[in-house]
Amino acid sequence: RNKGLFWSYAPDITYDEGKDNLLCETVLKYGDIDDIRYLLALYGESKVREVWERDVKSDARFKRLNYFLARVFFHLDVEASDFENLQHERLTKFRLLAG
């Protein structure tokens, strides 16, 4: 809240795990380096990495970002090509709903 990443929020909002996961996902996708560092300080690397692996890593729209996050923040020895052919879970769900 204090960093101003979100332009709109309710000041008295209560947080639960689902909202924490959504916050982590949003900061990973759209935050800057300082936001991600702050996120890691708040939630710890294991929690943030869990959200990244579940919700962000397989998103083909964020290949470069995933490579950057993996190398810089999660200290993984990966190459950019490792993110080329990942199955996009959300796309699969949308296709199931549409078909």
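Q: How much of the chain counts as buried, and what makes a residue buried here?
A: Of the 99 residues of the chain, 31% count as buried. The model is a predicted one. A residue is put in that class because its relative accessible area is under 20%.

Q: What makes F62 buried?
A: The relative accessibility of F62 is 12%. The cut-off for buried is under 20%, so a value of 12% falls in that class.

Q: Why is Y30 called exposed?
A: Y30 has a relative accessible area of 55%. Exposed requires over 50%, so Y30 meets the condition.

Q: Why are Y30 and F62 called an edge-to-face pair?
A: The structure holds three aromatic pairs. In the pair of Y30 and F62, the ring centres are 6.1 Å apart and the planes stand at 80 degrees. Rings pair if their centres lie within 6.5 Å, and planes over 60 degrees apart count as edge-to-face, so both conditions are met.

Q: Which parts of the chain does the pair of Y30 and F62 tie together?
A: Y30 lies in helix α1, residues 17-30, while F62 lies in the loop between α3 (45-56) and α4 (63-73). These parts are 32 residues apart in sequence, so the pair ties together separate places along the chain.

Q: How many helices and how many strands does the chain have?
A: The secondary structure comes to five helices and zero strands. Along the sequence this gives the pattern α-α-α-α-α.

Q: What share of the contacts in the chain with a separation of 6 or more joins residues 24 or more positions apart?
A: Such residues account for 56% of those contacts. Two residues are in contact because they have heavy atoms within 4.5 Å.

Q: Why are α3 and α4 called roughly antiparallel?
A: The axes of α3 and α4 cross at roughly 160 degrees and come within 12 Å. Angles over 145 degrees count as roughly antiparallel, so the two helices take that description. α3 passes α4 in a left-handed crossing. The contact is made by E45, W52 and V56 of α3 and by N66, L69, A70 and F73 of α4.

Q: What makes α2 oblique to α4?
A: The axes of helix α2, residues 33-43, and α4 come within 13 Å and cross at roughly 55 degrees. That angle is neither under 35 degrees nor in the range 65 to 115, nor over 145, so α2 is oblique to α4. The crossing of these two helices is right-handed. On the α2 side, I33, I36, R37 and L40 meet F68, L69 and F73 in α4.

Q: Why is R49 called partly exposed?
A: R49 is found in helix α3. Its relative accessibility is 26%. Buried needs under 20% and exposed needs over 50%, so R49 is placed in between.

Q: Which residues does R49 touch, leaving aside its neighbours within four places in sequence?
A: R49 is in contact with F74 and L76. The C-alpha atoms of R49 and F74 are separated by 7.1 Å, although the two residues are 25 residues apart along the chain.

Q: What makes L76 partly exposed?
A: L76 lies in the loop between α4 and α5. The relative accessible area of L76 is 21%. That is not under 20%, so L76 is not buried, and it is not over 50%, so L76 is partly exposed. Apart from neighbours within four places in sequence, L76 is in contact with R49, W52, A70 and R71.

Q: How do you know that R64 is exposed?
A: R64 has its place in helix α4. With a relative accessible area of 78%, R64 passes the cut-off of over 50% and is therefore exposed. R64 and E84 are 20 residues apart in sequence, with 10.0 Å between their C-alpha atoms.

Q: What is the phi of H75, and where does H75 lie?
A: H75 has a positive phi of about 55 degrees although it is not a glycine. Most residues other than glycine have a negative phi. H75 is found in the loop between α4 and α5 (89-98).

Q: Why does H75 count as exposed?
A: The relative accessible area of H75 is 61%. Exposed means over 50%, so H75 belongs in that class.

How values were computed: Residues numbered from 1 in each chain as written. Predicted model: local features only at pLDDT ≥ 70, side-chain atom pairs only at ≥ 80, totals over all residues. Heavy atoms only, no water. Helix = DSSP H or I, 4+ residues; strand = E, 2+ residues; numbered from the N terminus. Buried < 20%, exposed > 50% of the residue type's maximum accessible area, 1.4 Å probe, protein only. Phe/Tyr/Trp six-rings, centres within 6.5 Å; stacked < 30°, edge-to-face > 60°. Axes fitted to C-alpha atoms, helices over the stretch in contact; angles between N-to-C directions. Left-handed = near helix turned anticlockwise from the far one by under 90°.
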